[in-house]
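A colleague has asked for a short note to accompany the structure shown below. Please read the points in order with the structure at hand.

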Amino acid sequence: MSDLREVRRAYSRELSDAAGLKSAALERAFATVPREVFLGPPPWLISDPMSDDRGYRETSDPSDLYRRVLVAIDPVRGLNNGEPGALAMWLDSLDLTAGERVVHVGAGVGYYTAIIAEVVGAQGEVLGVEIDSELAERARRNLNSYATVKLVCADGSSYAPGPCDAVFLSAGATHPCEIWLKSLRLAGRLLFPLTARISSLGHGAGYYLKITRRRTGFTARFVSPVGIYPCTGARDDAVEERLRIAYQRGGQDSLRSLRLEPHEPSASCWLHEQDYCLSSEELPSSAD
């Protein structure tokens with residue numbers, strides 16, 4: 001067991017170096033949470049997304065889980081426990097701090113929900129939301145020892161989580177759902193994959209989008225590319241097609257704000273929809 005603890009510490013240092021983590025608490029979390037416990041008994045099916053051969057291979061060695069690999073949750077659906085290097089980078093960009101309340105939509109088996117719980121600590125609170133009833137039950141059992149974590153089986157695109165400091169999605173949406181924005185406290189952050197479908201399984205590609213609530217509105221920035229499983233309930237076919245066109249057109253680096261007030265489309269609109277607009281306009285300055 002001591003050897004596996006050292007494996008986790010080395011894994012955490014590797015993730016920190018690769019992702020350039022700012023958060024020491026996040027690095028400690030990856031060194032602490034036992035990934036194998038959340039993934040069930042061996043053998044496990046793992047896949048290296050950086051390899052030319054992206055198929056699964058079987059392993060019963062838990063140390064193999066402490067690499068930058070996907071681990072199958074449901075290989076038929078192409079549903080995996082995500083690649084830790086990418087998750088470390090995205091979670092780091094959320095700027096989580098001790099004592100915050102965080103909502104994790106698409107909790108899966110709960111591994112990254114537990115990572116979040118370690119970061120926000122004993123004074124924080126984490127709500128995991130998972131729409132798949134079997135996965136929700138697995139996550140609930142896996143997270144049973146975390147007193148600060150609550151797991152609900154619900155549609156994360158419409159479930160009202162209450163006021164929170166951050167919302168993090170582990171599934172792709174075509175648009176920011178109203179309930180996520182309404183739940184954010186001042187300076188609260190929403191981080192979700194804004195994706196268009198690229199496969200028959202519904203997997204999508206796009207960018208993680210970070211939205212931050214300010215006194216004068218919402219800032220918006222793209223964080224990094226992503227390919228990911230879809231978020232049930234947070235997809236709209238018509239919006240998806242316009243999103244696909246926007247991605248093909250480019251200009252993602254120009255994004256500065258999410259506008260909710262009605263306005264006519266203009267050159268500053270990267271993606272203009274009826275209820276919102278992703279825009280290159282800067283927010284008026286304010287002190288939060």
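The numbered points below treat the model, its sheets, two of its helices and its empty spaces.

1. This is a predicted model, in which local features need pLDDT of at least 70 and side-chain atom pairs count only at pLDDT 80 or more, while totals for chains, interfaces and linings use all residues. Residues are numbered from 1 along each chain as its sequence is written, and side-chain values use heavy atoms, with hydrogens and water left out.

2. Helices (H or I, at least four residues) and strands (E, at least two) are DSSP runs, numbered from the N terminus. Two strands count as paired if DSSP finds at least two bridges between them. In general, strands of a sheet pair through backbone hydrogen bonds, either parallel or antiparallel.

3. One open sheet has 4 strands in the order S2-S1-S3-S4, with antiparallel pairing. Strands S2 (57–59) and S4 (79–81) stand at its edges with a single partner strand each, so one side of each has no neighbour in the sheet. From one strand to the next, the twist averages 50 degrees; the axes behind this value are lines fitted to C-alpha atoms, and angles run from 0 to 180 degrees between N-to-C directions. Strand S3 (residues 70–74) pairs with S4 in the antiparallel sense over 3 bridges, and Ala72 has Asn80 of S4 as its bridge partner.

4. An open sheet of 10 strands follows the order S7-S6-S5-S8-S9-S10-S11-S12-S14-S13, and its pairing is mixed. Strands S7 (149–153) and S13 (269–272) are at the edges, each with a single partner strand, so one side of each is left without a neighbour in the sheet. Within this sheet, strand S5 (residues 101–105) and strand S8 (residues 164–169) run parallel and are joined by 4 bridges. The bridge partner of Val102 is Ala166 in S8.

5. How many of the 10 residues of helix H5 (residues 111–120) are buried? The number is 9, so H5 is largely enclosed by the rest of the structure. Here buried means under 20% relative accessible area, exposed means over 50%, and partly exposed lies in between (1.4 Å probe, protein chains only). The buried residues include Tyr111, Tyr112 and Val120. Gly121, with a positive phi near 75 degrees, follows H5.

6. In helix H6 (residues 133–142), the buried residues are Leu135, Ala136, Ala139 and Asn142. Seen down the axis of H6, they fall within an arc of 125 degrees (taken from the directions from the helix axis to the C-beta atoms), so they line one face of the helix. The face turned away from this buried side carries the exposed residues Ser133, Glu134 and Arg141.

7. On a 1 Å grid over the protein atoms alone, a cavity is a set of points where a 1.4 Å probe fits but cannot get out, and a pocket is an open set with protein on both sides within 12 Å along at least five of seven lines; lining residues have an atom within 4 Å of a point. The largest cavity holds about 40 Å³ of space. Its lining residues include Val103, Gly156 and Trp180.

8. The second largest pocket has a volume of about 370 Å³, a volume being the space filled by probe spheres set on the points, with grid points joined across faces, edges and corners. Of its 16 lining residues, His175, Pro176, Glu178, Asp275 and Tyr276 lie nearest its centre. Helix H7 (178–183) and helix H8 (237–249) each give two or more residues to this lining, and H7 provides the largest share, 3 residues.
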